[in-house]
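This report describes a predicted model. The text begins with a strand pair and moves outward to the sheet, the ligand, the chain contact and some backbone details.

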Amino acid sequence: MSTLLEVSGVSVSFDGFKAINNLSFQIGKAEMRAVIGPNGAGKTTFMDIITGKTKPDEGRVIWGDRSISLLGMSEAKIAQQGVCRKFQKPTVFEDQSVCDNLMMALKRRRSVWDVLKYRPAADIARLEQLADEIGLLGEFNRQSGELSHGQKQWLEIGMLLAQDPKLLLVDEPAAGMTPSEREHTTNLLVEAAKTRAVVVVEHDMEFIRRLNCKVTVLHEGSVLAEGSLDHVTSNQEVIDVYLGR
Amino acid sequence: MGKSFIKNHPTLLIFLALLALFTLGVTIMSEAYGTAFISTSFVKTLGKTLCLCLVAIAMDVVWGYAGILSLGHFAFFGLGGYMVGMWLMYERTQEVVLRSLENQVIPPTETEISDAIATQIFGVVGSADFPLIWSFAHSLTLQLILVVAVPGLLALVFGWLAFRSRVTGVYLSILTQAMTLALALYLFQNDSGLRGNNGLSGLQNLPHVTAPQSEISMWFLWASAAALGLGYLFFTMMLTGKFGMVVKGIRDNEQRVRFLGYEVEHYKLFLFTVTAIVAAVAGALYYPQAGIINPAEIMPIASIYLAVWVAIGGRGRLYGAVIGAAFVSLLSTWFTGGQAPDIPLGFYTISWVDWWQVLLGISFVLVTLYAPKGIGGLFDLLKCKEVQK
Ligand SMILES: Nc1ncnc2c1ncn2[C@@H]1O[C@H](COP(=O)(O)OP(=O)(O)O)[C@@H](O)[C@H]1O
Ligand SMILES: [Mg+2]
């Protein structure tokens, strides 16, 4: 399996505190990966580095077949490469409709000029299909601020799908969801991982078990263990720092 | 622009109709073309107000829609005025100089004429030479290009530096204030090349035009109304559709917009520059009606007033900005023009010339606290009532 993203030897410190310490990580083109670790392990910071929000002090982040470095790129350029991110808190544009949110996310050219010229007519059918997939077709023209918490999570996932990313970074997707919503989310993520790389950060073990994928355990900014869920949960170090608490 | 565009923007149609009606009304009542019910000086006030409305909608786009609280857009307004003022003053002075040299026995040389014009214009600041920046002042076309180019370039360079470094929020506001202050202080100097604190004057006299002020004032009112209408249409079209969504997205959560793959800095720079240019056009129409421009016009306070108008009118909707600018600036003219009757309280007399500023300040605070949608928010109430029926 060819590698899509390779992070090697990355370190970041905030005011002397090493949030990420010599971290290395690889993921293939159509792979699901769960990242677990106690609070403050550096999971969100890890995503910040890949998406360009945080610049690492050292290390490399190599992307795609042409092995380009993501480090010098702006957040927008990285996103245009096909790296997409879902935040811990659902962040949709509350002032705008479901349709508008999806339209902004839809994979189209992003320059000022292209966006000024953009005409939505040809894309409406695709947007409706997306809204249908996330169960929000009935709310297509509603302000997204009026949606329930779960529906906002859905909309955000819909926006990720609309971007048609090569790599999907999902930060704690199941937080605040009902059991049935969780199941729906699991199915969507598993489905997405068939054609692209998906990295899921999650605390909920049950959720991770259902993803049925390789697990990376982060602790104090570096990888503590990697392998199947059963493999890592039987690792004594992992039990000590994380599961045992 | 199809039917649905108009259907989606009922306010655009209403606005343009009201603007046309207003212009027609003023024309019918003007001294030059109608019943002389409205004095020429009031026509000028109304024409100037239209220009203020235009700069206000530019401010609304940059602040209300994109969330960039620029407190420097009046600098661009003033620069536009200066650029057109240079031609007006040059051409007019040339006309006067030529006329006075007409009767000389020996016809004057080019240099003599040029020196005479320079002395006329720059005598007040103790100079008799044209500064380099007046190189194009003889050409209306070139100066009109500069109306757009100079403020546009300043906005582009300033915006590029500021946005590239991710300066946002209150820091950006302070930076824009610093820019206007620096510009004003520079212009206050006698050797700035723009006549220091004297500024440019006599701008109401159009060169080579013999028509009386009553007619000229109407021409400018028409031009200002047309500019406002076009500006309104331009911004409405620009903000419709995906571009407007991205801009509002930047206002509400710019980091999120970045992660969607949009280069936020490019959008901000584009908006900052385009609105600066519109502000400059408004200024270029305003100052020939005002007759004079000096550096005091672009002191930082002017840009703050601009933000106050937009806040009072209701930001995030173009007609709100128009209402705010028209309402507050006309009221301000009335209060500070001495027309408002003073209120004698026996022990103290409230004189509106002094107290108007206080009143304006208080209303700004009240609007910000209790009616963040401004006067424009009243229209939402009406809409709600209709829906309930
Ligand atoms: N911008 C920042 N400035 C200072 N410290 C930070 C910053 N971002 C994260 N940290 C610190 O880095 C550590 C890792 O944080 P984070 O990546 O959010 O952990 P996780 O998502 O695994 O809970 C935490 O101790 C956090 O306090
Ligand atoms: Mg986190």
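In chain A, A:Leu218 stands opposite A:Val223 of strand E10(A). A second facing pair is A:Thr216 with A:Glu226, the latter again in E10(A). Strand E9(A), residues 214–219, is joined to E10(A) by five bridges in the antiparallel sense. The two strands form a hairpin with two residues between them, and A:Glu220 in the turn has a positive phi of about 45°. Five of the six residues of E9(A) are buried, so the strand is mostly covered when a residue counts as buried at 20 or more other C-beta atoms within 10 Å.

E9(A) also pairs with E3(A), here in parallel, through four bridges. A:Val215 in E9(A) is the bridge partner of A:Ala34.

**The sheet of chain A**

These strands belong to an open sheet of six strands with mixed pairing, in the order E6-E7-E8-E3-E9-E10 of chain A. Strands E6 (83–86) and E10 (222–227) of chain A stand at the edges; each has a single partner strand, and therefore one side of each lacks a neighbour in the sheet. From one strand to the next, the twist averages 20°. Helix H1(A) packs on the sheet and touches E3 (32–36), E6, E7, E8 (197–201) and E9 of chain A, its direction making about 150° with that of E7(A). Helix H7(A), residues 179–192, lies across E3, E7 and E8 of chain A and runs at about 145° to E8(A).

**Ligand 1**

H1(A), residues 43–50, gives the most to the shell around ligand 1, with three residues. The ligand is surrounded by A:Phe14, A:Ala19, A:Gly37, A:Asn39, A:Gly40, A:Ala41, A:Gly42, A:Lys43, A:Thr44 and A:Thr45. Sorted by class, this shell has three nonpolar residues, six polar and one charged.

**Contact between the chains**

Chain B brings 19 residues to the contact and chain A brings 21 residues. On the side of chain B that touches chain A, the elements giving two or more residues are helices H9 (242–259) and H10 of chain B. H9(B) gives the most to that side, with eleven residues. The residues on this side of chain B divide into eight nonpolar, five polar and six charged.

H10(B) covers residues 264–290; at 1.5 Å a residue its 27 residues should span 39 Å, and the end C-alpha atoms are 38 Å apart, which agrees. Of these 27 residues, 23 are buried, so H10(B) is largely enclosed by the rest of the structure.

**Positive phi values**

Which residues take a positive phi, and where are they found?

| Residue | Phi | Place |
|---|---|---|
| A:Asp164 | near 50° | loop between H6 (149–163) and E7 (167–171) of chain A |
| B:Ala36 | about 60° | loop between H2 (10–29) and H3 (40–65) of chain B |
| A:Glu220 | about 45° | turn of the E9(A)–E10(A) hairpin |
| B:Gly291 | about 90° | just after H10(B) |

A:Asp164 is a residue other than glycine, and B:Ala36 is likewise not a glycine. A:Asp164 has 13 other C-beta atoms within 10 Å and is partly exposed. B:Ala36 has 12 other C-beta atoms within 10 Å and is exposed. The two receive separate labels because a residue is exposed at 12 or fewer such atoms and partly exposed between that and the buried limit of 20 or more.

Terms used
Residues are numbered from 1 along each chain as its sequence is written. Chains are lettered from A and ligands numbered from 1 in the order in which they are written. This is a predicted model: local features need pLDDT of at least 70, side-chain atom pairs count only at pLDDT 80 or more; totals for chains, interfaces and linings use all residues. A residue is near a molecule or strand if its C-beta atom, placed from the backbone, lies within 6 Å of it. Ala, Val, Leu, Ile, Met, Phe, Trp, Tyr, Cys and Pro count as nonpolar, Asp, Glu, Lys and Arg as charged, and the others, Gly among them, as polar. The expected span of a helix is 1.5 Å times one less than its number of residues. Two strands pair if DSSP finds at least two bridges between them. Axes are lines fitted to C-alpha atoms, for helices over the stretch in contact, and angles run from 0 to 180 degrees between N-to-C directions. Two residues are in contact if their C-beta atoms, placed from the backbone, lie within 7 Å.
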